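Visitor: Hi, I'd like to go through this one with you. Could you pull it up so we can chat about it?

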Amino acid sequence: MKKHHLIGYSVVCLLGASAEVAAAEPVSKKAVLETYATIAQAKYEDSLAAAQTLQQAVAALIATPSADALTAARAAWLAARVPYQQTEVYRFGNAIVDDWEGKVNAWPLDEGLIDYVDASYGGPSDENEYAALNVIANPTFALSDKEIDATTITPELLSETLHEADGIDANVATGYHAIEFLLWGQDLNGTDHGAGARAWTDYAKGEACTNGHCDRRGAYLTAATDLLVSDLGWMAKQWQPGGDARAAVLADENAGIVTIVTGMGSLSYGEQAGERMRLGLMLNDPEEEHDCFSDNTHNSHYYDGLGIRNAYVGEYVRIDGTRVSGPSLSDLVAAADKDLDAELTGKLNTTMLKLGAIKSAAESGFSYDQMLARGNKGGEALIMGGVNALVDQTKSIERVVSALNLHDIEFEGSDSLDNPTAVFE
């Protein structure tokens, strides 16, 4: 993804609190970074716990397939997205997270790699000759000039052989969205209301099986879910005391603060406002939805935005309702420029209201697919309300760079925001 403008400032020590709070004990950068790491640990532990609940629901579906079991597995997947999306602010600044993230949340995907698809999907393309490989239907196949034995579908097969096969990003074989596709199937409604409608009988036993290969479909779903649990368990450990991700962010206090600001600005601007929201609206394309099979994109956007706010104010509400909080980036900014802190806090709150409006509309029956439709002025206004708020808060995040005298921060960009004509070239 292209970079947004470079902001360069020399690193100097952060000075003491403003006159109004001079008597108060100043918040240290180390304390802020400890809060940031502790919240990361809590979020990934919650993501792991929610994925384990999903794992149990998938096991129940495969053992005793039924409409209720499929509904329960879908509900568990939706619940699992809530804590995970709030972790995405840890990308872009934390190399350990960004290098790993593609295993669990890569999108969009060529779903024909995994399973059957509608005829309208098409077949292999110049961009991806494996776009319709259908691993579930084929226990052996050729891949990168090698004969692959996929008689037994295992997590290793998915992660080491299939995922991003031939270096093609769209060959997503693992993670939340592969699981989402296996639970919902394709969403063939275009910009009309409705999500994927995979029947529970796609996992049925014997003659009740629909669309063939139900045992292999179940094996794929099981392997993908087991792999997700394993990957999230690994990341949760990286943020525990002594873990590599925690150690990296605490190793250099100035660099650690840069990491927080980089994650906030990059997710806010290029990734969410641009690639996940503005681009889909420009193309009027529901295939650009983040959670396109389940029609859960409104929640993905909302919890991404909440994750940015979490990082700034230093608080997170866990899935059990407990609150994790501590010294925050907001405290550091307030000590340097209390007006800027109030400005950014207000803009973060405005963004949550705008993303909340999208979420509320979708939950009331005006789905994100419909919002993307060409000529749907109400949908465009909702989505652009979120985009504009995210872009506006990024301007204040850039001012934080100056206020804290940070050095050489790059925020991710998007052609949809920086060079819109390029989107159609």
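Guide: Happy to. This is a predicted model, and a good place to start is Asp-187, whose side chain makes a polar contact of 2.7 Å with the side chain of Asn-189.

Visitor: Where is Asp-187 found?

Guide: Asp-187 lies in the loop that runs between helix H5 (176–184) and helix H6 (214–238).

Visitor: And is Asp-187 buried or exposed?

Guide: Asp-187 is buried, yet has no salt bridge. The nearest side chain of opposite charge belongs to Arg-74, 11 Å away.

Visitor: Which residues does Asp-187 touch, not counting those up to four places away in sequence?

Guide: Asp-187 touches Gly-194, Ala-195 and Gly-196, along with Cys-292, Phe-293, Asp-295 and Asp-369.

Visitor: Switching topic: how many bridges join strands E2 and E3?

Guide: Four bridges join E2 (residues 140–143) to E3 (residues 146–149), and the two strands run antiparallel. Thr-140, for instance, has Asp-149 in E3 as its bridge partner.

Visitor: What about the turn in that hairpin?

Guide: Two residues sit between the strands, and Ser-144 takes a positive phi near 55 degrees.

Visitor: Now the interior. Which residues touch the most other members of the largest nonpolar core?

Guide: That core has 111 residues, and the ones touching the most other members are Leu-162, Leu-183, Tyr-220, Trp-239, Met-264 and Leu-329. Helix H1 (residues 29–63) supplies the largest share, 15 residues.

Visitor: What is Leu-329 in contact with, beyond its sequence neighbours?

Guide: Leaving aside neighbours within four places in sequence, Leu-329 is in contact with several residues, including Val-32, Ile-257, Met-264, Tyr-312 and Leu-404.

Definitions and conventions:
Residues numbered from 1 in each chain as written. Predicted model: local features only at pLDDT ≥ 70, side-chain atom pairs only at ≥ 80, totals over all residues. Heavy atoms only, no water. Buried < 20%, exposed > 50% of the residue type's maximum accessible area, 1.4 Å probe, protein only. Lys, Arg positive; Asp, Glu negative; His and termini not counted. Salt bridge = Lys/Arg side-chain N within 4 Å of Asp/Glu carboxyl O. Polar contact = N/O pair within 3.5 Å; in protein donor to acceptor, adjacent residues only side chain to side chain. Contact = heavy atoms within 4.5 Å. Pairing = 2+ DSSP bridges. Core = buried A, V, L, I, M, F, W, Y, C linked by side-chain atoms within 4.5 Å.
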